[in-house]
Amino acid sequence: MTGAEGIWAVVPVKELGLAKQRLAELVPGASREALALAMLEDVLAAIVAALVESPGLAGLAVVTVDPMASRLAARYGARLVEAGARDGHTGAVAAAARLLAAEKAAGILALPGDIPLVTPAEIAAVLRAHRPAPAFTIAPSHDEQGSNAVLCSPPEAVPLRFGEDSFFPHLRAAEERGILPTVLRLPGIALDIDNPQDLRRFARIERDTRTRGLILAQGLFKARDAAIGGRAG
């Protein structure tokens with residue numbers, strides 16, 4: 001399977017044992033792995049649904065060396081890529097972009113694995129808003145610091161560097177390449193769960209997701225509330 005048909009969705013996934021360390025005060029280690037896997041499945045399910053609904057999306061690739069994430073990705077028919085998987089979010093996306101560029105893919109849509117509220121409609125909105133190549137479309141995190149969805153065509157049109165303060169640098173990077181960036185603010189894509197405050201925000205949104213089901217089943221909302229109450233007291 002190659003990327004020559006169009007735009008590929010790419011999801012980088014670090015080794016799950018290292019995932020979500022900033023939630024450690026509220027979520028124990030084994031539960032953090034399960035939480036990361038549930039969020040990833042919500043994201044993969046949304047992308048697979050978007051593949052059916054959006055003709056501009058050619059396929060799904062997951063960049064990982066984690067065995068559990070690889071098995072889950074395979075269940076969703078994803079192409080597995082190991083190159084760059086241990087090089088952080090930026091390195092993983094860059095490796096996928098190089099691969100897709102070599103295969104003459106039309107573009108790359110990079111999404112993180114921790115945005116469980118993303119919907120197929122939001123992914124379709126990103127694709128619809130994207131201009132003819134060379135083009136750059138971005139949907140920021142809720143605090144407008146992070147870059148939660150980035151669509152580049154061709155795949156290496158803009159140098160990408162992800163992190164907590166990447167949104168405005170990405171806009172500047174696109175403009176330096178002579179590309180007017182398209183910005184979309186989409187609530188599902190915007191909410192990535194990185195820290196206890198994100199978990200609290202997620203808890204207020206009653207949406208039927210695998211992530212919410214897991215959190216309720218394991219009583220993690222109660223743990224969160226107890227910790228917040230303890231600090232307040």
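**Aromatic pairing, nonpolar cores and backbone exceptions**

One aromatic pair is present in the structure, where rings of Phe, Tyr and Trp (its six-membered ring) are paired if their centres lie within 6.5 Å. The structure is a predicted model, in which local features need pLDDT of at least 70 and side-chain atom pairs count only at pLDDT 80 or more, whereas totals for chains, interfaces and linings use all residues. Residues are numbered from 1 along each chain as its sequence is written, and side-chain values use heavy atoms, with hydrogens and water left out.

The pair is formed by Phe-167 and Phe-168, with 4.8 Å from centre to centre and 55° between the planes, and is tilted, a class that lies between stacked (planes under 30 degrees apart) and edge-to-face (over 60). Phe-167 is buried at a relative accessible area of 1%, while Phe-168, at 39%, is partly exposed; buried denotes under 20% relative accessible area, exposed over 50%, and partly exposed the range in between (1.4 Å probe, protein chains only).

The largest nonpolar core, a set of buried Ala, Val, Leu, Ile, Met, Phe, Trp, Tyr and Cys residues joined through side-chain atoms within 4.5 Å, has 35 residues, and those with the most contacts inside it are Val-11, Leu-44, Ile-47, Leu-57, Leu-109 and Ile-123. Two or more residues are given to this core by each of β1 (7–12), α1 (29–53), β2 (57–63), α2 (67–75), α4 (120–129) and β6 (147–153), helices (H or I, at least four residues) and strands (E, at least two) being DSSP runs numbered from the N terminus. The largest share, eight residues, comes from α1. A second, separate core of 28 residues includes Ala-58, Ala-96, Leu-160 and Leu-171.

Helices α7 (residues 196–203) and α8 (residues 210–217) pack at an angle of about 100°, with their axes 11 Å apart, and are therefore roughly perpendicular to each other, a term that covers 65 to 115 degrees. Their contact (heavy atoms within 4.5 Å) involves Leu-199, Phe-202 and Ala-203 of α7 and Thr-211, Arg-212 and Ile-215 of α8.

Most residues other than glycine have a negative phi, and most peptide bonds are trans. The bond from Ala-133 to Pro-134 is cis, with omega near 0°, and Pro-134 lies in the loop between α4 and β5 (135–140). Also cis is the peptide bond from Ser-153 to Pro-154, with omega near -5°. Lys-104, although not a glycine, has a positive phi of about 65°, and at 66% relative accessibility this residue is exposed.

How values were computed:
Axes fitted to C-alpha atoms, helices over the stretch in contact; angles between N-to-C directions. Parallel < 35°, antiparallel > 145°, perpendicular 65-115°, else oblique.
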